[in-house]
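Trainee: Hi! Could you walk me through this one before I head back to the bench?
Mentor: Happy to, have a look at it with me.

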Amino acid sequence: MREMRDEDILSFVKDRETADDKAKRTDDGIGNESSAGVEEEKEIFEDFEPGYGSMVTSQSENGVSDEAFGIITTGIDPLEITEAGARITGYITTSHRQKVRLGTYVIVPYGDEDLFARIWKLQYLQEFAVDDATEIHSRRMLRSNTTDEVDYKFLAYLDPTCILYEPNGRGTGLSRRMSDRIPRPNTPILPVTDKKKIQTGLNIPEEGIFLGHLSVGGELVRTHAVPPTVPYYLRNDYSMGDPLIFRHMLVCGSTGTGKTFLTKNILRQFMSEDNRYKLRGSEERRNPCLVVMDPQDEYSQLFEDNPEITDDDDFRFRAEKVNFGACRNTKTFVAKIDGEGYTGRSRAEQVEFTIPFEMVRNNSWLIAPVGMTELQYVGIDVLLDDYFKKGGIGGKHTYSGFTDFIDDDVTRNYYTEETHKIHESSYDGIVRRVKNRSLARVFDQPARPITDILEQIFKPGQVSVFPTEYITNTRIRDIITLTLMSLIVDNKLSTSGEAAVKDTPIILGLDEAHRYLAKAGGEHSRRLISKFADAARQGRKEGLGLFLITQDPQDIDDTVFKQINTRIILNLSNDAAISTMKVKKEFEKRIPYLKKGQMIVQSPDNSDMVEIMGLSRCVVKHV
């Protein structure tokens with residue numbers, strides 16, 4: 001007997017249906033004469049068909065537009081809301097299923113109020129009782145997938161974010177409160193097309209420092225406004241405390257994810273003429289000074305316009321209060337290093353400086369490399385203290401004078417034999433480490449000491465860039481960076497600090513922050529971390545904002561990391577780095593898949609955690 005094939009079965013069923021239909025028409029007395037009635041009935045059903053899963057007209061009788069994704073349903077799960085959470089299920093119509101994504105923001109109207117929610121789960125269920133896990137069915141689908149969306153239920157599970165309401169009636173402004181009402185069954189689920197509702201629902205300020213545009217899964221959230229995108233701003237006023245930049249910011253992402261591009265766009269926002277901050281104990285306001293440690297010689301391009309900005313970019317930037325264009329008040333401060341010369345691409349004014357050895361008097365760790373023992377640290381403090389008590393050569397204390405001092409046999413004998421202040425092995429170790437060619441190249445070079453040009457560096461409204469790319473020796477790079485950090489922190493925290501630093505709001509941009517704020521690995525690191533932890537804690541009242549950029553956030557010391565209020569997370573592939581950020585699970589899973597320009601913003605004092613998309617164009621020159 002020949003085996004029955006799928007084609008035979010389908011052919012038999014089709015022929016049988018045709019014969020049955022013909023017989024039924026004959027039995028009912030319906031022939032060709034009544035074909036007009038059949039056609040009329042067919043037209044009725046064709047008109048009705050689009051209504052299954054989609055609205056026929058642009059506006060239904062109850063006033064709901066055809067933009068509705070679907071309705072709230074109780075047919076699958078009960079509808080409930082508790083203090084611990086909620087279970088709200090919606091049925092999504094066939095015509096809107098392609099538009100719905102995980103994380104999509106929606107509105108469920110109550111009439112006088114709206115439920116603002118986020119889709120956290122999507123699910124397909126069979127509409128009819130059928131077993132589709134069979135060999136015959138799978139082969140049919142592989143040959144020709146004729147699956148119809150109407151054969152399945154497409155369900156969206158909503159996570160309530162808040163209730164949107166107008167406290168004092170219509171037209172008096174929108175507010176939000178916790179989700180304390182349950183929506184009615186069959187209520188429409190609507191996309192959020194009102195920019196104000198989105199900003200209020202996610203607690204995003206309506207103005208401030210522009211960071212990017214709200215997005216979901218890499219796609220921009222669009223509204224009926226012009227422009228249609230929803231800008232994300234960082235609070236930058238005193239309405240709810242101090243501006244958030246003084247609670248510090250962190251940008252982290254793997255190499256090649258666009259950290260520098262993004263950082264330029266953000267830092268440029270702080271440098272508008274009307275952006276001013278209060279000074280401690282005074283109502284006077286001043287523009288901030290932006291100080292950037294630039295290891296790749298890129299931030300000096302803040303001095304130049306981006307020639308690629310179009311008229312369309314210009315319109316969008318102005319409409320959303322995005323500051324763009326060159327910061328003409330930009331200066332490049334170049335450390336004079338013996339044997340090195342800065343040949344960077346900066347067109348900004350260049351000012352040379354040197355680090356005077358006098359700075360080591362209160363910062364012994366500048367010449368104490370990592371790896372020294374605790375006894376050696378104690379010993380070098382004793383030697384420096386005694387050396388600076390002496391008159392020095394010509395009244396000046398220099399690095400060469402200090403090396404001559406500790407290299408003298410009489411000095412060695414005094415500390416190791418006569419007074420026993422320093423053990424001889426520790427003393428010899430100090431001499432070996434301090435007599436270093438790198439230190440000789442950086443201290444007391446033929447240029448103005450950095451301590452004499454503080455008023456040139458820390459000037460309100462100025463961008464002060466310190467490039468270090470031209471320096472081949474990593475230890476010298478570290479000394480320059482640590483010197484500047486020490487100058488800022490010491491003068492900000494001291495009651496008798498230099499006025500140029502003390503009385504100027506400062507934003508310190510520190511690229512490769514993990515190099516300088518790493519978890520303590522010795523006395524050198526502990527001293528620096530302790531100093532910066534104090535600065536981070538007091539930065540709010542002293543007008544000091546840290547802007548850290550790193551690819552290894554897990555290496556930053558916890559005492560500093562905990563003080564950072566705003567964290568901008570780009571693509572990270574390192575599990576340890578992702579875990580360090582401590583974001584919600586639903587966002588944590590997205591981090592390794594973020595494309596260039598996508599980021600997650602975690603800023604509890606500014607808004608709910610959201611995904612945003614940065615600008616596709618740099619607001620200043622970026623090469």
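Trainee: Which residues in α7 meet which ones in α10?
Mentor: L375, Q376, G379, I380 and L383 in α7 meet S426, Y427, G429, I430, R433 and V434 in α10. Contact here means heavy atoms within 4.5 Å. Before we go on, this is a predicted model, where local features need pLDDT of at least 70, side-chain atom pairs count only at pLDDT 80 or more, and totals for chains, interfaces and linings use all residues. Residues are numbered from 1 along each chain as its sequence is written, and side-chain values use heavy atoms, with hydrogens and water left out.

Trainee: And what is the mix by class in that contact of α7 with α10?
Mentor: The contact has 6 nonpolar, 4 polar and 1 charged residues. Ala, Val, Leu, Ile, Met, Phe, Trp, Tyr, Cys and Pro count as nonpolar, Asp, Glu, Lys and Arg as charged, and the others, Gly among them, as polar.

Trainee: At what angle do α7 and α10 pack?
Mentor: Helix α7 (residues 374–389) and helix α10 (residues 424–434) pack at about 75°, with their axes 9 Å apart. Axes are lines fitted to C-alpha atoms, for helices over the stretch in contact, and angles run from 0 to 180 degrees between N-to-C directions. Helices (H or I, at least four residues) and strands (E, at least two) are DSSP runs, numbered from the N terminus.

Trainee: New topic: which residues touch the most other members of the largest nonpolar core?
Mentor: Of its 89 residues, those are F357, I367, F402 and L548. Helix α13 (residues 474–493) gives the most to this core, with 9 residues. A nonpolar core is a set of buried Ala, Val, Leu, Ile, Met, Phe, Trp, Tyr and Cys residues joined through side-chain atoms within 4.5 Å. Buried means under 20% relative accessible area, exposed over 50%, partly exposed in between (1.4 Å probe, protein chains only).

Trainee: What does F402 touch?
Mentor: Not counting residues up to four places away in sequence, F402 touches F357, I367, L383, L384, Y387 and V434.

Trainee: How many disulfides are there?
Mentor: The count comes to 0 disulfides, taking a pair of cysteine sulfur atoms within 2.5 Å as one.

Trainee: Any backbone oddities, say, which residues does a cis peptide bond join?
Mentor: V226 and P227, with omega at about -5°. P227 is in the loop between β10 (219–220) and β11 (231–234).

Trainee: And is D297 buried or exposed?
Mentor: D297 is buried, with a relative accessible area of 4%. D297 also has a positive phi of about 55°, although it is not a glycine.
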